[in-house]
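This report describes the fold of one protein chain, starting from its interior and working outward to the sheet and the overall dimensions.

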Amino acid sequence: MISSGGTYRELAERWQSLHGARVRLQRIGCGPSGRTLLRADIGDARRPRVALAAGIHGDEPAGPWALLQLVERAELRPEFCYRLWPCTNPSGFIAQSRANAEGIDVNRTFAGDGSSPEASAIIAANRGMSFTLSIDLHEDCDATGFYCYEYGGAHLGRSVVEALAQQGFPIDPLEATFDVAGPLDDAHCTRERGRVAADAAHEGLVLGGLSYSLALARKGAAHVLTFETPSAAAWETRVAMHAAAVSCALDALLEESGSHRA
Ligand SMILES: [Zn+2]
């Protein structure tokens, strides 16, 4: 059973009420589907830009509520600016289904100009933007704890896993029997407790379509993380886990950019 923080209407109203000088909120049309996506831009555009997204699978609701919580509580670090997609599959969120209203897994439609209304809208709106980091928030019904996918060769994911473990959150051991997306074989990904580092080019081939994160890993983002929380855990734990993971990744990114300058 899916534990949810509320309806899509409630989520959208909470975002709408944040619109102002700090949070610049827009509704972006998804072509002839008639649907819209919420998009929020936060912070000084001269700062390095971070992309944050959630809710591309409608039956993974903790991510959208965690992003809202981070912004409502003004917990995103001011050293970066942000392009946020608060819920990238609203029709799936409303139906509590992985796919969108047409039955399409939106997270396989990010090749080229996009082959779903949602992906096309996001790709068009993000065109020409580059990101120092991109994070997409998911959930996994088979996971026993937090884990992440990382592209870009850095070790932000490892920092996040260490920090979450220190805060007492469960981390998935990612044993060899655990199915990671793909399927990815050992030649094209390495796995350790809480973290999968994957070959973005190979994963695109075996997935049969580009995910949001893979498309950004190939073009547009220097570091890319996909976070997964265990759907079987308590609702508050999953939201807190996502929020803490985003904050830890931003801390690690700041530390990394600081050490590069030194
Ligand atoms: Zn997912």
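## Nonpolar core

In this predicted model, the largest nonpolar core has 73 residues. The members that touch the most others are Leu52, Ala66, Leu67, Val160, Leu164, Ala245 and Ala249. Helix α8 (residues 235-261) supplies the largest share of this core, with ten residues.

Leaving aside residues up to four places away in sequence, Ala245 touches Phe146, Val160, Leu164 and Phe227. In general terms, nonpolar side chains of soluble globular proteins tend to be buried together.

## Helices α5 and α2

Helix α5 spans residues 156-166, and its residues Leu156, Gly157, Val160, Val161 and Leu164 are buried. They lie on the same side of α5, because the arc they cover around the axis is only 135°. An α-helix has 3.6 residues a turn, so residues three or four places apart point the same way. Two of the buried residues named above, Val160 and Leu164, also belong to the set that touches the most other core members. After α5 comes Gly168, with a positive phi near 90°.

Helix α2 (residues 62-72) is mostly covered, with nine of its eleven residues buried. The buried residues are Ala62, Gly63, Pro64, Trp65, Ala66, Leu67, Leu68, Leu70 and Val71. Ala66 and Leu67 are also among the core residues that touch the most other members. Following α2 is Ala74, which has a positive phi near 50°.

## The sheet

Nine strands form an open sheet with mixed pairing, in the order β1-β2-β4-β3-β5-β9-β6-β8-β7. Its edge strands, β1 (23-29) and β7 (189-192), each pair on one side only. On average, neighbouring strands of the sheet are turned by 15° against each other, direction ignored.

## Strand β9 and its two neighbours

Strand β9 covers residues 221-230 and is mostly covered, nine of its ten residues being buried. In the sheet order, β9 stands between β5 and β6. Strand β5 (residues 131-140) runs parallel to β9, and nine bridges join the two. One position in this pairing is Glu139, whose bridge partner in β9 is Thr229.

Towards the other neighbour the sense changes: strand β6 (residues 147-151) and β9 pair antiparallel over five bridges. Tyr147 has Glu228 of β9 as its bridge partner, and Tyr151 stands opposite Val224 in β9. Phe227, one of the residues that Ala245 touches, falls within the range of β9.

## The loop after β9

Where does Ala233 sit? Ala233 is found in the loop between β9 and α8. Ala233 counts as buried because 20 other C-beta atoms lie within 10 Å, and the cut-off for a buried residue is 20 or more. Ser33 is 200 residues away from Ala233 along the chain, and the C-alpha atoms of the two are separated by 34 Å.

## Overall dimensions

The protein chain contains eight helices and nine strands. The chain is as compact as a globular protein of its length, because its radius of gyration is 17 Å, close to the 18 Å that the globule rule gives for 262 residues. Along the principal axes, the C-alpha atoms fill a box of roughly 45 × 45 × 35 Å.

Of the 262 residues in the protein chain, 47% are buried. Among contacts between residues at least 6 apart in sequence, 72% join residues at least 24 apart.

Notes. Residues numbered from 1 in each chain as written. Predicted model: local features only at pLDDT ≥ 70, side-chain atom pairs only at ≥ 80, totals over all residues. Buried ≥ 20, exposed ≤ 12 C-beta atoms within 10 Å, placed from the backbone. Helix = DSSP H or I, 4+ residues; strand = E, 2+ residues; numbered from the N terminus. Pairing = 2+ DSSP bridges. Arc of directions from axis to C-beta. Core = buried A, V, L, I, M, F, W, Y, C linked by C-beta atoms within 7 Å. Contact = placed C-beta atoms within 7 Å. Rg over C-alpha atoms; globule rule 2.2 N^0.38 Å. Axes fitted to C-alpha atoms, helices over the stretch in contact; angles between N-to-C directions.
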